[in-house]
Each structure stands twice: as C-alpha cells, then as structure tokens.
Amino acid sequence: TLARISADWDYAMTANDADAIGRFMHDDWIIIGPDGGVDGKARFLDLIRSGSLTHDVMESHDLDVRVYGDAAVVIARGVSGGTWQGQRFLLTERVSSVFVRSGDEWRCVTTHLSKLD
C-alpha cells in the first residue's frame, strides 16, 4: 500500500496538482530539505500553486518500507527535477518519509531529503 501511495504521490508532483499533493500529507506535515531548511504543508503547496516550484521529474526507487502498527517509515532513492523560481534543477536524494495511519488512510507527517552525489 505505501509503495503505491509513493508512486501516486510522485505522479501528483509531476502533475503539479497542489490539491492532489496535499491529500498525501498530514496537516502537520513538514519537509526538511537537503540544505537543512524546514517548511510546512501550507507554504509548500503555496509554492506549487504559484508556479514558483514545479516538477517534471519525480521518481522513487529502491523503496524500503517498514510498518510499525499505525506508523511507517519509507526510505527511497529519489530523483526530482523541475524549476525553482525559474531555475532548472535535477537532484538525486535519499528520501525518508514518516507516515501515520488514521483508519484506512496513510498520511505523511515528515519528509527528510539528503542530497546524493
């Protein structure tokens, strides 16, 4: 299930569909970028809606999914590309995401990115 959710989230990211992207995130979701910066759900989705951040590449490879009751950790090698404030980027990163389950639904609460060379 979490592997499918990861693939669906990747698709929503490349569609640059902020509403679809937001459905994968818990309201308290935070992202820690490769530079150590921290942002929340509202700001991240606002960047997508404004076009300041777009993606045309979002891939998750080598998923390692570990479920602990109603919590799970998904670790992957991610490739993301697009534009940030008009500048092209293409990154390969280690992605660690923590999900919580509420009923039948999994929502991500934290995503941490580390740049891979």
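**A friendly note on this predicted model**

1. Let's begin in a loop: Asn 16 sits between α1 and α2. Its phi is near 55°, a positive value in a residue other than glycine. Asn 16 counts as partly exposed, because its relative accessibility is 27%. Please keep in mind as you read that this is a predicted model.

2. A second residue deserves a look alongside that one. Asp 62 also has a phi near 55°, again positive in a residue other than glycine. Asp 62 belongs to strand β3. With a relative accessible area of 58%, Asp 62 is exposed.

3. Now for helix α1, where Ser 6 is found. Is Ser 6 buried or exposed? Ser 6 counts as buried, because its relative accessibility is 8%, and the cut-off for buried is under 20%. Setting aside neighbours within four places in sequence, Ser 6 is in contact with Leu 63 and Val 74.

4. Asp 8 lies in helix α1 too. At 33% relative accessibility, Asp 8 counts as partly exposed. Its C-alpha atom is separated by 19 Å from that of Glu 93, and these two residues are 85 apart along the chain. You will meet Glu 93 again below, as one of the residues nearest the centre of the largest pocket.

5. Next, the interior. The largest nonpolar core has 25 residues, and those touching the most other members are Leu 2, Trp 9, Ile 21, Met 25, Trp 29, Phe 44 and Phe 99. Two or more residues of this core come from each of α1, α2 (18-22), β1, α3, β4, β5 and β6. Helix α1 gives the largest share, five residues. As background, nonpolar side chains tend to be buried together in soluble globular proteins.

6. Met 25 is a handy place to explore that core, being among the members that touch the most others. Which residues is Met 25 in contact with, leaving aside its neighbours within four places in sequence? They are Trp 9, Lys 41, Phe 44, Leu 45, Arg 107 and Cys 108. Trp 9 and Phe 44 are also on the list of core residues that touch the most other members.

7. On to the strands, with β6 as the guide. β1 and β6 pair in the parallel sense, over four bridges. Ile 32 stands opposite His 112 in β6. β5 and β6 run antiparallel and are joined by ten bridges. In that strand β6, Trp 106 is the bridge partner of Arg 101.

8. Where β5 meets β6, have a look at the turn. The two strands form a hairpin with two residues between them. Gly 103 lies in this turn and has a positive phi of about 65°.

9. Finally, the largest pocket, which holds about 900 Å³ of space. It is lined by 36 residues, and Ile 31, Phe 44, His 55, Glu 93 and Leu 113 lie nearest its centre. The lining divides into 21 nonpolar, nine polar and six charged residues. At least two lining residues come from each of α1 (2-14), β1 (25-32), β2 (38-40), α3 (41-50), β3 (53-68), β4 (71-84), β5 (87-102) and β6 (105-115).

10. One residue links two of these points. Phe 44 is among the core residues that touch the most other members, and Phe 44 is also one of the residues nearest the centre of the largest pocket.

Notes: Residues are numbered from 1 along each chain as its sequence is written. This is a predicted model: local features need pLDDT of at least 70, side-chain atom pairs count only at pLDDT 80 or more; totals for chains, interfaces and linings use all residues. Side-chain values use heavy atoms; hydrogens and water are left out. On a 1 Å grid over the protein atoms alone, a cavity is a set of points where a 1.4 Å probe fits but cannot get out, and a pocket is an open set with protein on both sides within 12 Å along at least five of seven lines; lining residues have an atom within 4 Å of a point. Grid points are joined across faces, edges and corners, and a volume is the space filled by probe spheres set on the points. Ala, Val, Leu, Ile, Met, Phe, Trp, Tyr, Cys and Pro count as nonpolar, Asp, Glu, Lys and Arg as charged, and the others, Gly among them, as polar. A nonpolar core is a set of buried Ala, Val, Leu, Ile, Met, Phe, Trp, Tyr and Cys residues joined through side-chain atoms within 4.5 Å. Buried means under 20% relative accessible area, exposed over 50%, partly exposed in between (1.4 Å probe, protein chains only). Contact means heavy atoms within 4.5 Å. Two strands pair if DSSP finds at least two bridges between them.
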